[in-house]
Amino acid sequence: MFEISQDLHPDLMPLAWLVGKWEGEGVGGYPTLDEDFRFAQEIEFSHNGKPFLAYTSRTWLLDEENNRVRPLASETGYWRPRPNREVEVLLAHPTGFVEVWVGRVTGAKIELRTDVVARTESAKEVNAGHRLYGLVEGDLLWAYDMAAMGQPLQAHVSARLRRVRVGEEPGDSENA
Ligand code: HEM
């Protein structure tokens, strides 16, 4: 992630509440899966003074004692604010997808839908997505619905994350 504190670009004001590091737990499932699951998640939003946020998310399967059993999904990309509180998001997934998302920021809520989902020949069938992000009681809540594996758009995962760091951490690069 980016190195040192820079002033937040003014265009980022609608997204400023995301900047920092978040950790928490979530739940997931899908009609094509045998079992629902619980996961741990860490998200980081950072900036380097330019008008976009860099974003990474990592997740781990949780067992009943909240131990991290194995890594699950991860994703990385950029959040690009546009005029009139619109936002464009680019995401890449190690499972063979790249996505272009478009949406809108309304206060401390962001609603996104996929404009484009591209996938490699070996990736599973994912056709569209919808995401909600919101700041609730100081926590980041998010939910992801997907249309995949021949199923209509419906819930796949959702999570509630606590803020573990506000803004940039000076010397971040030393910890990378
Ligand atoms: C917090 C994020 C996510 C978590 C924790 C998660 C977790 C899981 C788990 C545990 C499975 C069951 C199979 C396995 O163990 O790999 C699964 C299946 C799947 N996930 Fe996710 N996922 C997440 C995000 C996503 C995203 C962003 C996409 C699409 C871009 C996606 C697409 C799929 C697909 C297509 C399947 C296969 C369903 C099937 O085989 O029937 N997931 N996910």
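These are my notebook entries on a predicted model, covering the ligand site, the aromatic pairs and a few single residues.

**Entry 1: the ligand site**

I began with the ligand and looked up where it sits, and the space it takes turned out to be the largest pocket. I then listed the residues around the ligand, 21 in number, and noted that T32, R70, K124, Y144 and H156 come nearest.

Sorting this shell by class, I found 12 nonpolar residues, 4 polar residues and 5 charged residues. I also asked which strands supply the shell, and the ones giving at least two residues each are β2 (37–46), β4 (68–82), β6 (97–106), β8 (126–136), β9 (139–148) and β10 (154–166). The largest share comes from β4, which provides 4 residues.

**Entry 2: side chains and ligand oxygen atoms**

Next I looked up distances from ligand oxygen atoms to side-chain N or O atoms. For T32, I read 2.5 Å between an N or O atom of the side chain and an oxygen atom of the ligand. For K124, the distance from a side-chain N or O atom to a ligand oxygen is 2.7 Å, and for R70 the corresponding value is 3.2 Å. The cut-off for a polar contact is 3.5 Å between N or O atoms, and I kept that limit beside these three entries.

**Entry 3: aromatic pairs**

I searched the whole structure for aromatic pairs and obtained 8 of them. The pair of F52 and Y78 has ring centres 5.5 Å apart and planes at 85°, so I entered it as edge-to-face, the cut-off for that label being over 60 degrees. F52 lies in the loop between β2 and β3 (53–62), whereas Y78 belongs to strand β4, so this pair ties together parts that are 26 residues apart in sequence.

I checked the accessibility of both partners. F52 has a relative accessible area of 19% and is buried, because the limit for that label is under 20%. Y78, with a relative accessible area of 42%, is partly exposed.

The rings of Y133 and W142 were my next pair, and with centres 5.7 Å apart and planes at 10° they are stacked, since planes under 30 degrees apart receive that label. Y133 is buried at 1% relative accessibility, and W142 is also buried, with a relative accessible area of 6%. I noted further that Y133 and W142 belong to one aromatic cluster, together with F45, Y55 and W79.

**Entry 4: backbone angles between β4 and β5**

I then turned to the loop between β4 and β5 (86–93), where N84 is found. Phi of N84 is near 60°, a positive value in a residue that is not glycine. N84 is exposed, and I wrote down a relative accessible area of 63% for it.

R85 is found in the loop between β4 and β5 as well, and it has a positive phi of about 60° although it is not a glycine. The relative accessible area of R85 is 39%, so I recorded this residue as partly exposed.

**Entry 5: D11 and S57**

Last, I looked up D11, which lies in the segment before β1 (20–28) and is partly exposed, with a relative accessible area of 43%. How far apart are D11 and S57 in sequence and in space? I found them 46 residues apart in sequence, with 23 Å from C-alpha to C-alpha.

Technical notes. Residues are numbered from 1 along each chain as its sequence is written. This is a predicted model: local features need pLDDT of at least 70, side-chain atom pairs count only at pLDDT 80 or more; totals for chains, interfaces and linings use all residues. Side-chain values use heavy atoms; hydrogens and water are left out. A residue is near a molecule or strand if one of its heavy atoms lies within 4 Å of it. A polar contact is a pair of N or O atoms within 3.5 Å; within protein, one must be able to donate a hydrogen and the other to accept it, and residues adjacent in sequence count only if both atoms are side-chain atoms. On a 1 Å grid over the protein atoms alone, a cavity is a set of points where a 1.4 Å probe fits but cannot get out, and a pocket is an open set with protein on both sides within 12 Å along at least five of seven lines; lining residues have an atom within 4 Å of a point. A molecule sits in a cavity or pocket if more than half of its atoms lie within 2 Å of its grid points. Ala, Val, Leu, Ile, Met, Phe, Trp, Tyr, Cys and Pro count as nonpolar, Asp, Glu, Lys and Arg as charged, and the others, Gly among them, as polar. Rings of Phe, Tyr and Trp (its six-membered ring) pair if their centres lie within 6.5 Å; planes under 30 degrees apart count as stacked, over 60 as edge-to-face and the rest as tilted. Buried means under 20% relative accessible area, exposed over 50%, partly exposed in between (1.4 Å probe, protein chains only).
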